[in-house]
Amino acid sequence: MARVLTPRAEDFPRWYQDLIAKAKLADNGPVRGTMVIRPAGYAIWERMQAEMDARIKAAGAENAYFPLFIPENYLKREAEHVEGFSPELAVVTHGGGKQLAEPVVVRPTSETVIGEFMAKWVDSYRDLPLLLNQWANVVRWELRPRIFLRTSEFLWQEGHTAHATREDARAYARRILHEAYEDLMVNVLGIPVVVGLKTTRERFAGAIATYTCEGMMGDGKALQMGTSHELGQNFAKAFDISYSSAEGGREHAWTTSWGTSTRMLGGLIMAHGDDNGLRVPPKLAPVQAYVMVVKDGEGVGEAAGKLRDAL
(Lines give C-alpha, C1' and ligand atoms only; values in the text may rest on other atoms or scores of the structure.)
Protein backbone atom coordinates (compact mmCIF):
# COMPACT_ATOMS: atom_id res chain seq x y z
CA MET A 1 0.00 0.00 0.00
CA ALA A 2 1.35 3.42 -0.95
CA ARG A 3 2.39 5.66 1.93
CA VAL A 4 0.24 8.74 2.47
CA LEU A 5 2.79 10.51 4.65
CA THR A 6 6.56 10.32 4.96
CA PRO A 7 7.17 8.61 8.35
CA ARG A 8 8.13 11.05 11.10
CA ALA A 9 11.17 9.00 12.11
CA GLU A 10 12.43 8.98 8.52
CA ASP A 11 12.18 12.69 7.70
CA PHE A 12 10.33 14.89 10.21
CA PRO A 13 10.35 18.12 8.11
CA ARG A 14 9.01 16.22 5.07
CA TRP A 15 6.34 14.55 7.24
CA TYR A 16 5.29 18.01 8.46
CA GLN A 17 4.96 19.38 4.91
CA ASP A 18 3.14 16.22 3.74
CA LEU A 19 0.63 16.47 6.57
CA ILE A 20 -0.17 20.13 5.92
CA ALA A 21 -0.80 19.32 2.25
CA LYS A 22 -2.81 16.12 2.81
CA ALA A 23 -4.93 17.65 5.60
CA LYS A 24 -5.58 20.68 3.35
CA LEU A 25 -4.48 23.13 6.04
CA ALA A 26 -2.44 25.59 3.97
CA ASP A 27 -0.51 26.22 0.74
CA ASN A 28 2.56 28.29 -0.06
CA GLY A 29 1.61 31.79 -1.22
CA PRO A 30 2.62 33.36 -4.54
CA VAL A 31 5.38 35.45 -2.90
CA ARG A 32 8.18 33.45 -1.29
CA GLY A 33 7.65 33.07 2.43
CA THR A 34 3.91 33.77 2.40
CA MET A 35 1.14 31.27 3.03
CA VAL A 36 -2.50 30.74 2.11
CA ILE A 37 -4.44 29.30 5.05
CA ARG A 38 -7.14 26.99 3.73
CA PRO A 39 -10.60 26.69 5.36
CA ALA A 40 -9.65 23.58 7.37
CA GLY A 41 -6.60 25.33 8.83
CA TYR A 42 -8.37 28.61 9.38
CA ALA A 43 -11.22 26.91 11.26
CA ILE A 44 -8.69 25.63 13.81
CA TRP A 45 -7.03 29.08 14.02
CA GLU A 46 -10.44 30.73 14.60
CA ARG A 47 -11.04 28.48 17.60
CA MET A 48 -7.57 29.22 18.98
CA GLN A 49 -8.22 32.92 18.44
CA ALA A 50 -11.56 32.81 20.26
CA GLU A 51 -10.08 30.95 23.24
CA MET A 52 -7.12 33.34 23.43
CA ASP A 53 -9.26 36.44 22.99
CA ALA A 54 -11.48 35.42 25.91
CA ARG A 55 -8.45 34.95 28.18
CA ILE A 56 -6.91 38.29 27.18
CA LYS A 57 -10.18 40.10 27.90
CA ALA A 58 -10.47 38.29 31.23
CA ALA A 59 -7.09 39.83 32.10
CA GLY A 60 -8.58 43.28 31.49
CA ALA A 61 -7.14 44.15 28.05
CA GLU A 62 -9.29 45.71 25.32
CA ASN A 63 -8.99 45.15 21.58
CA ALA A 64 -8.01 47.99 19.25
CA TYR A 65 -6.44 48.28 15.81
CA PHE A 66 -3.39 50.17 14.59
CA PRO A 67 -2.03 50.89 11.07
CA LEU A 68 -0.14 48.38 8.94
CA PHE A 69 2.28 51.10 7.79
CA ILE A 70 4.69 52.62 10.32
CA PRO A 71 6.83 55.73 9.59
CA GLU A 72 10.48 54.71 9.41
CA ASN A 73 11.44 57.38 11.96
CA TYR A 74 9.23 55.71 14.59
CA LEU A 75 11.36 52.57 14.51
CA LYS A 76 14.56 54.58 14.72
CA ARG A 77 13.59 56.20 18.02
CA GLU A 78 14.42 53.07 20.03
CA ALA A 79 17.91 52.11 18.82
CA GLU A 80 18.06 48.51 20.09
CA HIS A 81 14.59 47.83 18.68
CA VAL A 82 15.34 48.98 15.13
CA GLU A 83 18.72 47.21 15.18
CA GLY A 84 17.06 43.95 16.18
CA PHE A 85 14.44 44.14 13.42
CA SER A 86 16.47 45.73 10.59
CA PRO A 87 17.31 42.45 8.77
CA GLU A 88 13.61 41.49 8.69
CA LEU A 89 12.00 44.76 7.59
CA ALA A 90 9.87 45.21 4.48
CA VAL A 91 10.08 48.88 3.49
CA VAL A 92 7.75 50.74 1.10
CA THR A 93 9.48 53.51 -0.86
CA HIS A 94 6.83 54.26 -3.53
CA GLY A 95 3.08 54.86 -3.34
CA GLY A 96 0.54 56.21 -5.82
CA GLY A 97 3.14 56.07 -8.56
CA LYS A 98 5.52 58.43 -6.73
CA GLN A 99 8.48 58.09 -4.42
CA LEU A 100 7.46 58.69 -0.82
CA ALA A 101 9.01 61.62 1.07
CA GLU A 102 9.74 59.18 3.91
CA PRO A 103 9.83 55.38 3.57
CA VAL A 104 7.24 53.46 5.57
CA VAL A 105 7.76 50.07 7.15
CA VAL A 106 5.20 47.25 6.92
CA ARG A 107 4.74 46.46 10.61
CA PRO A 108 7.00 43.74 11.98
CA THR A 109 5.50 44.49 15.44
CA SER A 110 3.74 47.54 16.84
CA GLU A 111 5.58 48.82 19.94
CA THR A 112 6.54 52.01 18.14
CA VAL A 113 3.23 53.01 16.57
CA ILE A 114 1.27 52.06 19.69
CA GLY A 115 3.82 53.92 21.83
CA GLU A 116 3.08 57.06 19.81
CA PHE A 117 -0.60 56.83 20.65
CA MET A 118 -0.10 55.78 24.25
CA ALA A 119 1.79 59.04 24.67
CA LYS A 120 -1.32 60.90 23.43
CA TRP A 121 -3.80 58.93 25.51
CA VAL A 122 -1.95 58.86 28.84
CA ASP A 123 -1.83 62.07 30.87
CA SER A 124 -2.51 61.19 34.50
CA TYR A 125 -1.91 58.23 36.80
CA ARG A 126 -5.69 57.78 36.55
CA ASP A 127 -5.21 56.71 32.89
CA LEU A 128 -3.08 53.76 34.00
CA PRO A 129 -2.86 50.91 33.52
CA LEU A 130 -3.65 51.16 29.81
CA LEU A 131 -4.19 47.60 28.53
CA LEU A 132 -4.46 47.12 24.76
CA ASN A 133 -4.46 44.17 22.36
CA GLN A 134 -4.78 43.88 18.62
CA TRP A 135 -5.37 41.00 16.22
CA ALA A 136 -3.41 41.68 13.05
CA ASN A 137 -0.97 40.47 10.41
CA VAL A 138 2.72 41.35 10.52
CA VAL A 139 5.59 41.04 8.06
CA ARG A 140 9.11 39.85 8.89
CA TRP A 141 11.15 39.00 5.81
CA GLU A 142 12.00 35.37 6.50
CA LEU A 143 15.07 33.75 4.91
CA ARG A 144 14.08 30.12 5.66
CA PRO A 145 10.26 29.98 5.51
CA ARG A 146 8.19 27.07 6.77
CA ILE A 147 4.39 27.14 6.79
CA PHE A 148 2.93 28.24 10.17
CA LEU A 149 6.36 28.16 11.86
CA ARG A 150 8.30 30.88 10.03
CA THR A 151 6.61 32.86 7.27
CA SER A 152 7.21 36.36 5.95
CA GLU A 153 3.62 37.28 6.79
CA PHE A 154 1.69 35.71 9.65
CA LEU A 155 -1.35 36.30 11.84
CA TRP A 156 -1.12 37.02 15.54
CA GLN A 157 -2.29 38.97 18.53
CA GLU A 158 -0.01 41.52 20.13
CA GLY A 159 -0.71 43.10 23.48
CA HIS A 160 0.75 46.42 24.65
CA THR A 161 0.31 47.91 28.09
CA ALA A 162 1.47 50.92 30.12
CA HIS A 163 1.74 50.96 33.91
CA ALA A 164 2.64 53.36 36.71
CA THR A 165 5.28 51.11 38.28
CA ARG A 166 7.80 48.49 37.25
CA GLU A 167 6.22 46.02 39.68
CA ASP A 168 2.78 46.43 38.12
CA ALA A 169 4.18 46.00 34.58
CA ARG A 170 6.13 42.88 35.58
CA ALA A 171 3.09 41.37 37.32
CA TYR A 172 0.92 41.95 34.24
CA ALA A 173 3.49 40.50 31.82
CA ARG A 174 3.60 37.37 33.98
CA ARG A 175 -0.18 37.26 34.36
CA ILE A 176 -0.63 37.12 30.59
CA LEU A 177 2.11 34.50 30.35
CA HIS A 178 0.38 32.19 32.83
CA GLU A 179 -3.34 32.99 32.69
CA ALA A 180 -3.65 33.47 28.92
CA TYR A 181 -0.73 31.70 27.22
CA GLU A 182 0.17 28.78 29.47
CA ASP A 183 -3.47 28.06 30.30
CA LEU A 184 -4.50 27.96 26.63
CA MET A 185 -1.53 25.87 25.55
CA VAL A 186 -1.95 23.27 28.29
CA ASN A 187 -5.74 23.11 28.62
CA VAL A 188 -6.89 23.77 25.04
CA LEU A 189 -3.99 22.82 22.76
CA GLY A 190 -3.06 19.95 25.06
CA ILE A 191 0.65 20.82 24.88
CA PRO A 192 2.67 20.91 28.12
CA VAL A 193 5.02 23.90 28.08
CA VAL A 194 8.13 24.92 29.98
CA VAL A 195 7.66 28.49 31.21
CA GLY A 196 10.73 30.57 31.89
CA LEU A 197 12.99 33.56 31.28
CA LYS A 198 14.88 34.00 28.02
CA THR A 199 18.62 34.64 28.12
CA THR A 200 19.86 38.19 27.51
CA ARG A 201 20.96 37.16 24.02
CA GLU A 202 17.54 35.73 23.14
CA ARG A 203 15.27 38.38 24.59
CA PHE A 204 13.13 40.72 22.51
CA ALA A 205 14.90 43.74 21.01
CA GLY A 206 14.38 46.69 23.38
CA ALA A 207 13.08 44.61 26.31
CA ILE A 208 14.60 44.26 29.78
CA ALA A 209 13.12 40.76 30.25
CA THR A 210 11.42 38.20 27.99
CA TYR A 211 9.31 35.36 29.38
CA THR A 212 8.52 32.38 27.17
CA CYS A 213 6.36 29.26 26.82
CA GLU A 214 8.36 26.47 25.14
CA GLY A 215 6.63 23.32 23.89
CA MET A 216 8.32 20.01 23.08
CA MET A 217 7.64 18.79 19.55
CA GLY A 218 7.57 15.26 18.13
CA ASP A 219 11.15 15.51 16.85
CA GLY A 220 12.50 16.25 20.33
CA LYS A 221 13.04 19.96 19.64
CA ALA A 222 11.52 22.87 21.54
CA LEU A 223 9.25 25.41 19.88
CA GLN A 224 8.74 28.93 21.22
CA MET A 225 4.94 29.09 21.46
CA GLY A 226 4.47 32.57 22.91
CA THR A 227 6.39 35.36 24.65
CA SER A 228 5.69 38.19 27.08
CA HIS A 229 8.10 41.11 27.49
CA GLU A 230 8.90 43.68 30.14
CA LEU A 231 9.98 46.74 28.15
CA GLY A 232 11.00 48.78 31.19
CA GLN A 233 10.92 52.50 30.37
CA ASN A 234 12.82 52.17 27.07
CA PHE A 235 9.84 52.84 24.81
CA ALA A 236 8.22 55.23 27.29
CA LYS A 237 11.29 57.46 27.14
CA ALA A 238 11.61 57.14 23.35
CA PHE A 239 7.96 58.15 22.80
CA ASP A 240 7.44 60.23 25.96
CA ILE A 241 4.75 58.02 27.45
CA SER A 242 4.54 59.97 30.70
CA TYR A 243 1.95 60.81 33.32
CA SER A 244 1.26 63.13 36.23
CA SER A 245 1.72 61.15 39.42
CA ALA A 246 -0.54 61.37 42.48
CA GLU A 247 2.21 63.46 44.09
CA GLY A 248 2.13 65.97 41.23
CA GLY A 249 5.38 65.01 39.50
CA ARG A 250 5.87 63.86 35.92
CA GLU A 251 6.89 60.20 35.50
CA HIS A 252 7.59 57.88 32.59
CA ALA A 253 5.35 54.81 32.35
CA TRP A 254 6.55 51.20 32.41
CA THR A 255 5.40 49.17 29.40
CA THR A 256 4.95 45.57 28.30
CA SER A 257 4.25 43.71 25.08
CA TRP A 258 3.28 40.09 24.43
CA GLY A 259 2.26 37.93 21.49
CA THR A 260 1.21 34.56 20.11
CA SER A 261 0.73 33.69 16.46
CA THR A 262 -0.25 31.09 13.87
CA ARG A 263 2.97 29.35 14.96
CA MET A 264 0.73 27.71 17.58
CA LEU A 265 -0.94 25.84 14.72
CA GLY A 266 2.43 24.49 13.64
CA GLY A 267 3.08 23.46 17.23
CA LEU A 268 -0.27 21.68 17.37
CA ILE A 269 0.64 19.68 14.26
CA MET A 270 4.11 18.71 15.48
CA ALA A 271 3.04 17.86 19.04
CA HIS A 272 -0.05 15.75 18.24
CA GLY A 273 0.27 14.57 14.64
CA ASP A 274 1.58 11.10 13.87
CA ASP A 275 2.26 8.84 10.88
CA ASN A 276 -1.50 8.46 10.36
CA GLY A 277 -1.99 12.21 10.00
CA LEU A 278 -3.36 15.22 11.86
CA ARG A 279 -4.78 14.92 15.38
CA VAL A 280 -6.62 17.90 16.85
CA PRO A 281 -7.73 18.29 20.50
CA PRO A 282 -11.56 18.23 20.80
CA LYS A 283 -11.85 21.88 21.88
CA LEU A 284 -10.23 22.98 18.62
CA ALA A 285 -11.50 20.40 16.13
CA PRO A 286 -13.87 21.98 13.59
CA VAL A 287 -15.21 18.47 12.81
CA GLN A 288 -15.86 16.33 15.89
CA ALA A 289 -17.13 13.18 14.15
CA TYR A 290 -18.05 11.77 10.75
CA VAL A 291 -21.12 9.62 10.14
CA MET A 292 -20.45 7.31 7.18
CA VAL A 293 -22.94 5.31 5.19
CA VAL A 294 -21.04 2.12 4.39
CA LYS A 295 -23.81 0.47 2.38
CA ASP A 296 -26.85 2.41 1.30
CA GLY A 297 -30.30 0.92 1.54
CA GLU A 298 -33.87 1.74 2.47
CA GLY A 299 -33.86 4.28 5.31
CA VAL A 300 -30.09 4.11 5.82
CA GLY A 301 -29.40 7.66 4.63
CA GLU A 302 -32.24 9.02 6.75
CA ALA A 303 -30.97 7.17 9.82
CA ALA A 304 -27.47 8.50 9.26
CA GLY A 305 -28.87 12.02 8.97
CA LYS A 306 -30.77 11.65 12.24
CA LEU A 307 -27.62 10.39 13.99
CA ARG A 308 -25.61 13.32 12.63
CA ASP A 309 -28.23 15.79 13.83
CA ALA A 310 -28.37 14.15 17.25
CA LEU A 311 -24.60 14.36 17.60
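Student: Which residues form one aromatic cluster with Phe66?
Tutor: Phe117 and Trp121 join Phe66 in that cluster. A word on the source: this is a predicted model, where local features need pLDDT of at least 70 and side-chain atom pairs count only at pLDDT 80 or more, while totals for chains, interfaces and linings use all residues. Residues are numbered from 1 along each chain as its sequence is written, and side-chain values use heavy atoms, without hydrogens and water.

Student: How many aromatic pairs does a search of the whole structure find?
Tutor: The search finds 9 aromatic pairs. One of them is formed by Phe66 and Trp121.

Student: Why is the pair of Phe66 and Trp121 called tilted?
Tutor: Rings of Phe, Tyr and Trp (its six-membered ring) pair if their centres lie within 6.5 Å; planes under 30 degrees apart are stacked, over 60 edge-to-face, and the rest tilted. Here the centres are 6.0 Å apart and the planes make 40°, so the pair is tilted. The two residues are 55 apart in the chain: Phe66 lies in the loop between strands E3 and E4, Trp121 in helix H5. Both element types are DSSP runs numbered from the N terminus (helices H or I, at least four residues; strands E, at least two).

Student: What makes Phe66 buried or exposed?
Tutor: Buried means under 20% relative accessible area, exposed over 50%, partly exposed in between (1.4 Å probe, protein chains only). Phe66 has 4%, so Phe66 is buried. Trp121 has 43%, so Trp121 is partly exposed.

Student: How do you know that Tyr172 and Trp258 form a tilted pair?
Tutor: With 6.2 Å centre to centre and 50° between the planes, they meet those limits, so they are a tilted pair. The pair links helix H6, home of Tyr172, to strand E14, home of Trp258, 86 residues apart. Tyr172 is buried because its relative accessible area is 6%, and Trp258 is buried because its value is 2%.

Student: What makes the charged end of Arg8 sit over the ring of Trp15?
Tutor: The rule asks for NZ of Lys or CZ of Arg within 6 Å of the ring centre and within 35 degrees of the ring normal. Arg8 is 5.6 Å from the centre of the Trp15 ring, so the distance limit is met, and the charge counts as sitting over the ring.

Student: How do you know that E5 and E6 pair?
Tutor: Pairing needs at least two DSSP bridges between the strands. E5 and E6 have 5, in the antiparallel sense, so they pair. Val91 has Val105 in E6 as its bridge partner.
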